[in-house]
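Here is a short briefing on one protein model. The topics are its pockets, one of its helices and its salt bridges.

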Amino acid sequence: MDERATKALRFVPWRRPRNVNLATKQWRAAIPVWGWAGLFLVAVCWPLNWTLPGMRTAYLFFPLWLGYILFVDALVARRSGTSLLNRSPRDFTLLFVASAPTWWLFELINRRTHNWEYLGEGSLSDFQYYLLCTLSFSTVMPAVFETAELFSEFQWVQRFRSGPRLPATRGVAAGLFVAGILMLALVLSWPKYFYPLVWLAVFFILDPINYAMHKRQLFDSLRQGDWRPIISLSAGALLCGFFWEMWNYRSFPKWIYHTPGAEFFHIFEMPLFGYFGYLPFAWELFALRNLLWPPSQPFKV
């Protein structure tokens, strides 16, 4: 039995199989108990969020997404024998702490771009609004990174282990940093025309900073021709985006979009082209997380 499976089994002793020789097989065949707890939260909060009257989403968003995160983490553990929660409960928890200010950054930029607004926010006091929003925003990073790790375990993602190699030099990093600053300046100066650039600007600014600080960057793997991290992150954010938009559709309070030039063919409240923004958004979250964490970190993606 390999070391990863042994550690995972110690974390959930009630799943320890009697036959040690079949430990890995039986571990992977079982969903850990926290996965069932997560599934229970989703099964309860989803229908309540769509059917209760009044301001239900303000209070149900966090437990609904906590359920999703726990269930996906359990699926990762089932497939690989390890997951973020049993590798490092501390870092699993700190992702929630780091996630809220990360999304508040985009909320701050949205004060200028006005690409989305929240219907029903006026029914809350300022204290309630900022407290409940912060709690809801805390689920963004854990949801994306857990889903990305789940995708990283699929065989089709492993096919991207060897691909085109991209240069990762000091000159390239400097060029990306300048491009990111220019993109952000364009977004803030003429948001009506350049608002889509915000979903690349933050990544182009932060990844070179990580490069300079010798922290993890996406170009670490792209330099070797390994496209698995970028594929896993993009797919993870896209799947999360689907659930964000689907669960938002019949929620209250809820968000709606204002995207000049792309206000057609909506899937839920989001225009079709808006879903492409989830791909670089995942890279931005990756860069922000790596900036906050030490170079040695427990994240697989």
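**Pockets, a bent helix and salt bridges**

The largest pocket has a volume of about 880 Å³. The model is a predicted one. The second largest pocket comes to about 240 Å³. Helix H6 bends by about 25° at serine 99. The salt bridges number 6.

**Largest pocket**

- The lining of the largest pocket is made up of 36 residues.
- Nearest the centre of this pocket lie Trp103, Trp116, Trp255, Tyr257 and Tyr278.
- By class, the lining of the largest pocket holds 27 nonpolar, 6 polar and 3 charged residues.
- Helices that each supply at least two residues of this lining are H4 (56-80), H7 (126-137), H12 (198-212), H14 (228-249) and H15 (278-292).
- Strands S1 (116-119) and S2 (254-257) also each supply at least two residues of the lining of the largest pocket.
- Helix H7 gives the most to the lining of the largest pocket, with 5 residues.

**Second largest pocket**

- The volume of the second largest pocket is about 240 Å³.
- This pocket is lined by 13 residues, and Glu107, Arg111, Tyr118, Glu121 and Tyr129 are the closest to its centre.
- Two or more residues of the lining of the second largest pocket come from each of H6, S1 and H7.
- H6 gives the most to the lining of the second largest pocket, with 4 residues.
- The lining of the second largest pocket divides into 6 nonpolar, 2 polar and 5 charged residues.

**Helix H6**

- H6 covers residues 89-113, 25 residues in total.
- From first C-alpha to last, H6 reaches 37 Å. The span expected at 1.5 Å a residue is 36 Å, and the value for H6 is close to it.
- The bend of about 25° in H6 is at serine 99. Proline 101 follows within four residues of serine 99.
- After H6 comes histidine 114. The phi of histidine 114 is positive, near 55°.

**Salt bridges**

- The count of salt bridges is 6. Among them is the pair of glutamate 149 and arginine 87, with the closest N and O atoms 3.0 Å apart.
- Glutamate 149 sits in helix H8 (residues 140-152) and arginine 87 in helix H5 (residues 84-87), so this salt bridge ties together parts that are 62 residues apart in sequence.
- Glutamate 149 counts as buried because its relative accessibility is 3%, under the 20% cut-off.
- Arginine 87 has a relative accessible area of 28%, so arginine 87 is partly exposed.
- Arginine 90 and aspartate 91 also meet in a salt bridge through their side chains, at 3.8 Å from N to O.
- Arginine 90 counts as exposed because its relative accessibility is 58%, over the 50% cut-off.
- Aspartate 91 is buried, with a relative accessible area of 7%.
- Glutamate 269 and lysine 254 form another salt bridge, and their closest N and O atoms are 2.7 Å apart.
- Glutamate 269 is in the loop between strands S3 (266-267) and S4 (270-271), and lysine 254 is in strand S2, so the pair ties together parts that are 15 residues apart in sequence.
- Both residues of this pair, glutamate 269 and lysine 254, are buried.

Note on methods. Residues are numbered from 1 along each chain as its sequence is written. This is a predicted model: local features need pLDDT of at least 70, side-chain atom pairs count only at pLDDT 80 or more; totals for chains, interfaces and linings use all residues. Side-chain values use heavy atoms; hydrogens and water are left out. The expected span of a helix is 1.5 Å times one less than its number of residues. The bend at a residue is the angle between axes fitted to the seven residues ending there and the seven starting there. On a 1 Å grid over the protein atoms alone, a cavity is a set of points where a 1.4 Å probe fits but cannot get out, and a pocket is an open set with protein on both sides within 12 Å along at least five of seven lines; lining residues have an atom within 4 Å of a point. Grid points are joined across faces, edges and corners, and a volume is the space filled by probe spheres set on the points. Ala, Val, Leu, Ile, Met, Phe, Trp, Tyr, Cys and Pro count as nonpolar, Asp, Glu, Lys and Arg as charged, and the others, Gly among them, as polar. A salt bridge is a side-chain nitrogen of Lys or Arg within 4 Å of a carboxyl oxygen of Asp or Glu. Buried means under 20% relative accessible area, exposed over 50%, partly exposed in between (1.4 Å probe, protein chains only).
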